[in-house]
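Please open the structure in your viewer and keep the selection tool at hand. The tour below moves from the whole chain to single residues, with something to select at each stop.

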Amino acid sequence: RGEISNFQYLMHLNTLAGRSYNDLMQYPVFPWILADYDSEELDLTNPKTFRNLAKPMGAQTEDRLAQYKKRYKDWEDPNGETPAYHYGTHYSSAMIVASYLVRMEPFTQIFLRLQGGHFDLADRMFHSVREAWYSASKHNMADVKELIPEFFYLPEFLLNSNNFDLGCKQNGTKLGDVILPPWAKGDPREFIRVHREALECDFVSAHLHEWIDLIFGYKQQGPAAVEAVNVFHHLFYEGQVDIYNINDPLKETATIGFINNFGQIPKQV
């Protein structure tokens, strides 16, 4: 009925599902909304402007979808400990959050700590909204990440105001401010304004529940998740492993490390 904004609604859901700004490993997760990072002006009345909210990031193109389905179908674990899955990486983790916010403290220090004291290879750093979208939706089989709330209200995270030396890409491009889509007119505040407008537009309001089913609802696991091509490695799910009953200390450490580093599925709401 439009009594609260889509942004507020998503924040409520994240909170109910145990996500919080206080925990980078369970940080609020927001969807990619747009698929158009090339136009000078965004047409919010054209369905083609938007990402398919009914499908997870791994299923945004037919090519990638086919590869993930094949991985699931052909999965064999000789030890019988790991059930079949589509995705061995997650859409939200401490590393993903820190990499988006790397230009701002205290996230710069958190990123460096997670990386062992140095910035990542420049080609792997978050540098362009368009490139991040194509990596997560099309080009990179190990990348299915979604967004964080800051993409809808915080222009500062897109600027390298502290002049951190983030390195140079292989093609010689020096990393600085995040490269914005043409419709942002080179202005982070305009990017946030238009992006937020897109989140609140009628098309997204009509389809947001489909994404919520995948992340917070009944398509998280079980047959519905298989059908939606939305099955993640079993250690990403709450309650899938009883850490206190692992007798091998090495295995226990490895399992905890895996969960902490790779992300966790929200509690089902």
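Throughout this tour, two residues are said to be in contact when heavy atoms of theirs lie within 4.5 Å of each other. The model on screen is a predicted one.

**The whole chain**

Begin with the chain in cartoon view, where you will find nine helices and zero strands, so that reading along the sequence gives the pattern α-α-α-α-α-α-α-α-α. The radius of gyration is 19 Å, close to the 18 Å that the globule rule gives for 269 residues, and the chain is therefore as compact as a globular protein of that length. If you turn the C-alpha trace along its principal axes, the spans are about 55 × 45 × 35 Å.

Next, colour by burial: of the 269 residues, 49% are buried. Of the contacts between residues at least 6 apart in sequence, 68% join residues that are at least 24 apart. Switching to a surface view shows about 13,600 Å² of exposed area, of which carbon and sulfur atoms supply 51%. If you then colour by charge, the 25 positive and 35 negative charges have mean positions that are 2 Å apart.

**The largest nonpolar core**

Select Trp32, Leu34, Tyr100, Phe126, Phe151 and Phe191 and show their side chains, since these are the members that touch the most others among the 82 residues of the largest nonpolar core. Several helices each supply at least two residues of this core, among them α1 (6-16), α2 (62-73) and α5 (129-139). Helix α7 gives the most to the core, with six residues.

Now centre the view on Phe126. Which residues is Phe126 in contact with, leaving aside its neighbours within four places in sequence? The list runs through Ser99, Tyr100, Arg103 and Ala132, and continues with Phe151, Phe157, Leu158 and Val178.

**His195 in helix α6**

Move on to His195, which has its place in helix α6. His195 counts as buried, because its relative accessibility is 1% and the cut-off for a buried residue is under 20%. Once the neighbours within four places in sequence are set aside, the contacts of His195 are Leu34, Leu147, Phe151, Phe152 and Trp183. Two of these names should be familiar from the previous stop, as Leu34 and Phe151 were selected there as core residues.

**Ser135 in helix α5**

Select Ser135, a residue of helix α5, which is buried with a relative accessible area of 18%. Not counting residues up to four places away in sequence, Ser135 touches Arg64, Asn140 and Asp143.

**Backbone features in the loops**

The next three stops concern the backbone, and the background to them is that most residues other than glycine have a negative phi, and most peptide bonds are trans.

Select Glu105 and Pro106 together and look at the peptide bond from Glu105 to Pro106, which is cis, with omega near 5°. Pro106 is found in the loop between α3 and α4.

Go next to Asn163, in the loop between α5 and α6. Phi of Asn163 is positive, near 55°, in a residue other than glycine. Is Asn163 buried or exposed? With a relative accessible area of 65%, Asn163 is exposed.

Then select Val229, which sits in the loop between α8 (223-227) and α9 (249-262). Val229 also has a positive phi, of about 50°, although it is not a glycine. Val229 counts as buried, at 3% relative accessibility.

**Two distances to draw**

Finish with the distance tool, starting at Ile256 in helix α9, a residue that counts as partly exposed at 31% relative accessibility. Draw a line from the C-alpha atom of Ile256 to that of Ile243; the two residues are 13 apart along the chain, and the separation is 7.6 Å.

For the second distance, select Asp63 in helix α2, which counts as exposed at 61% relative accessibility. How far apart in space, C-alpha to C-alpha, are Asp63 and Glu238? The separation is 30 Å, for residues that are 175 apart in sequence.

Terms used. Residues numbered from 1 in each chain as written. Predicted model: local features only at pLDDT ≥ 70, side-chain atom pairs only at ≥ 80, totals over all residues. Heavy atoms only, no water. Helix = DSSP H or I, 4+ residues; strand = E, 2+ residues; numbered from the N terminus. Rg over C-alpha atoms; globule rule 2.2 N^0.38 Å. Buried < 20%, exposed > 50% of the residue type's maximum accessible area, 1.4 Å probe, protein only. Areas by Shrake-Rupley, 256 points an atom, 1.4 Å probe, with all protein chains shown as cover. Lys, Arg positive; Asp, Glu negative; His and termini not counted. Charge placed at Lys NZ, Arg CZ, Asp CG, Glu CD. Core = buried A, V, L, I, M, F, W, Y, C linked by side-chain atoms within 4.5 Å.
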